[in-house]
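Colleague: Please choose one residue of this model and look closely at its surroundings, then lead me outward to the parts of the chain beyond. I am in my first year, and I would be glad to have each term explained when it first comes up.

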Amino acid sequence: MTDHVVVVGGGTGGTVLANDLAERLEPELAAGDVRVTIVTDDPDHVYKPVWLYVPFGQREPADGRRPLTELVDDRVDVRIDRVTGIDTDAQRLESRDGVAPSEYDYLALATGSTLAPDEIPGLAEGGHDFYSESGSETLREELLSFTEGHLVLSVVGTPHMCPAAPLEFVFMADDWFRKRGLREDVDITYTYPIQRVHGNPHIAEWARPRMDDRDIAVETFFNAESVDPDGQTMATMEGDELDYDLLVAIPPHRGIDLIEEAGLGDRGWVDVDKETLEAEAAENVYALGDTADTGVPNAGSVAHYQAGVVGQRLASELRGRPATATYDGKTLCFIETGMDAASFVEFDYEHPPSPAPPSQKIHWAKLAYNESYWLTARGLL
């Protein structure tokens with residue numbers, strides 16, 4: 001009998017996991033004892049951090065796309081389809097086109113995050129974002145023509161992908177306008193929904209003085225309730241209003257409905273054991289990356305490290321051994337502090353982040369990683 005592992009999702013977590021399994025289970029795959037299938041509805045793999053650089057003319061969206069078949073090991077079966085239903089009792093899948101496998105022995109969910117701007121009335125019409133490919137391109141055109149006025153970066157929903165990116169954007173925008181001789185004519189305001197500028201208190205403590213030094217105004221405990229695109233104002237649940245000339249918003253994020261419909265968790269996130277990444281509501285199901293509700297940041301590095309843990313655990317289970325690998329919360333993140341300087345943080349469940357002093361060297365290290373990411377996705381780094 002052949003055991004079948006199905007990975008749903010072709011982002012960082014799903015792709016790295018599929019390649020990890022192909023390498024780790026090479027003897028079983030060669031003997032036909034195990035099959036590995038990855039299912040995704042997009043034939044391209046997208047490296048989303050590229051989108052931060054598009055509005056500033058530093059990258060093109062195409063720089064963040066590669067055909068998935070070029071990245072996934074040949075020993076993995078790639079199916080382009082959308083999974084529409086999961087029966088965890090019967091260990092069966094339903095799909096849109098009938099191309100995806102209908103049965104699994106082990107299931108790994110790496111379905112990621114989706115943007116939900118429509119949850120805030122007027123946000124889709126009145127705001128711009130760099131959290132989507134089309135949004136980053138539109139924002140580029142807006143920034144190029146923006147020479148004076150009030151630029152507002154508003155973090156509307158948390159958790160969201162790449163928690164450092166909103167900070168990066170305002171630091172980069174500040175530097176970008178200064179280099180163009182426009183900063184005196186551009187006011188920048190950053191808003192965040194809790195009483196600090198970042199969800200992690202250590203990063204918030206590091207970032208706030210730098211924002212003050214650069215005359216980046218800050219509004220905390222700012223929970224957007226609606227946006228008036230014609231009047232160019234944001235109204236908050238707290239009863240305040242904020243005027244803007246250009247609004248860059250981090251919209252609410254959600255998982256996919258499939259997760260909640262399968263009884264695996266709320267809002268599209270799978271309730272998991274934060275160390276084993278096993279689903280709490282079903283057997284033989286794992287979740288990783290944004291899909292796993294672990295409390296760690298929704299960052300690509302998290303998905304990468306979790307993929308290694310899930311790969312080890314699945315290999316152990318398939319070989320009839322106790323699965324002992326655990327995820328310790330490891331996260332690492334570069335934080336751009338301008339157009340040519342960056343910081344770096346690394347932390348886990350036990351050790352809080354301590355951002356490194358910004359430098360040009362770290363900035364170039366981030367750019368180098370962006371270029372080498374494709375090797376990471378292939379499982380070569």
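Modeller: The account below starts from one residue and moves on to strands, domains and salt bridges.

The model is a predicted one, in which local features need a pLDDT of at least 70 and side-chain atom pairs count only at pLDDT 80 or more, whereas totals for chains, interfaces and linings use all residues. Residues are numbered from 1 along each chain as its sequence is written, and side-chain values use heavy atoms, with hydrogens and water left out.

The residue to begin with is Leu246, which is found in strand β16, covering residues 246-250. Strands (E, at least two residues) and helices (H or I, at least four) are runs assigned by DSSP, and they are numbered from the N terminus. With a relative accessible area of 2%, Leu246 is buried; that word stands for under 20% relative accessible area, while exposed stands for over 50% and partly exposed for what lies in between, using a 1.4 Å probe and protein chains only. If its neighbours within four places in sequence are set aside, Leu246 is in contact with His128, Glu142, Leu143, Phe146, His150, Leu151 and Val152, where contact means that heavy atoms come within 4.5 Å. The fold also brings Leu246 and Gly127 together, for their C-alpha atoms are separated by 7.5 Å although the two residues are 119 apart along the chain.

One of those contacts, His150, leads to the next element. Strand β10 spans residues 149-155, and seven of its seven residues are buried, so the strand is largely enclosed by the rest of the structure. β10 pairs in the parallel sense with strand β11, residues 186-191, over six bridges, pairing being the case in which DSSP finds at least two bridges between two strands. In this arrangement His150 stands opposite Asp187 in β11. As a general rule, strands of a sheet pair through backbone hydrogen bonds, either parallel or antiparallel.

The antiparallel kind appears in an open sheet of three strands, which has the order β13-β14-β15. β13 (224-228) and β15 (241-243) stand at its edges, each with a single partner strand, so one side of each is left without a neighbour in the sheet. Neighbouring strands of this sheet are turned by 20 degrees against each other on average, direction ignored; the axes behind this angle are lines fitted to C-alpha atoms (for helices over the stretch in contact), and angles run from 0 to 180 degrees between N-to-C directions. Four bridges join β13 to β14, residues 233-236, and these two strands run antiparallel. Among the residues paired in this way, Ala224 has Thr236 in β14 as its bridge partner.

Stepping back, one finds the chain divided into domain 1 (3-113 + 255-318) and domain 2 (117-252), with bounds that come from an automatic or database domain assignment. The centres of the two domains, taken over C-alpha atoms, are separated by 31 Å. Across the boundary, 16 residues of domain 1 are in contact with 21 residues of domain 2. Together the domains bury about 1700 Å², 68% of it on carbon and sulfur atoms; buried area is the accessible area (1.4 Å probe) that two parts lose on being put together, summed over both.

Two salt bridges are counted between domain 1 and domain 2, and a salt bridge is a side-chain nitrogen of Lys or Arg within 4 Å of a carboxyl oxygen of Asp or Glu. By this rule the count comes to 25 salt bridges, including one in which the side chains of Arg140 and Glu60 meet at 3.2 Å, N to O.

Other salt bridges join residues within a helix. Arg178 and Asp174, whose closest N and O atoms are 2.9 Å apart, lie four residues apart in helix α6 (residues 165-179) and are thus separated by about one helical turn. Arg178 is partly exposed at 41% relative accessibility, whereas Asp174 is buried at 2%. Likewise, Arg24 forms a salt bridge with Asp20 at 2.9 Å, and both lie in helix α1 (residues 12-24), four residues apart.

A further pair, Asp42 and Arg65, meets at 3.6 Å, N to O. Asp42 lies in the loop between β2 (34-40) and β3 (44-46) and Arg65 in strand β4 (residues 65-67), so the pair ties together parts that are 23 residues apart in sequence. Both are partly exposed, Asp42 at 25% and Arg65 at 27%. Finally, Glu23, Glu26, Asp73 and Arg75 are linked in a network of salt bridges.
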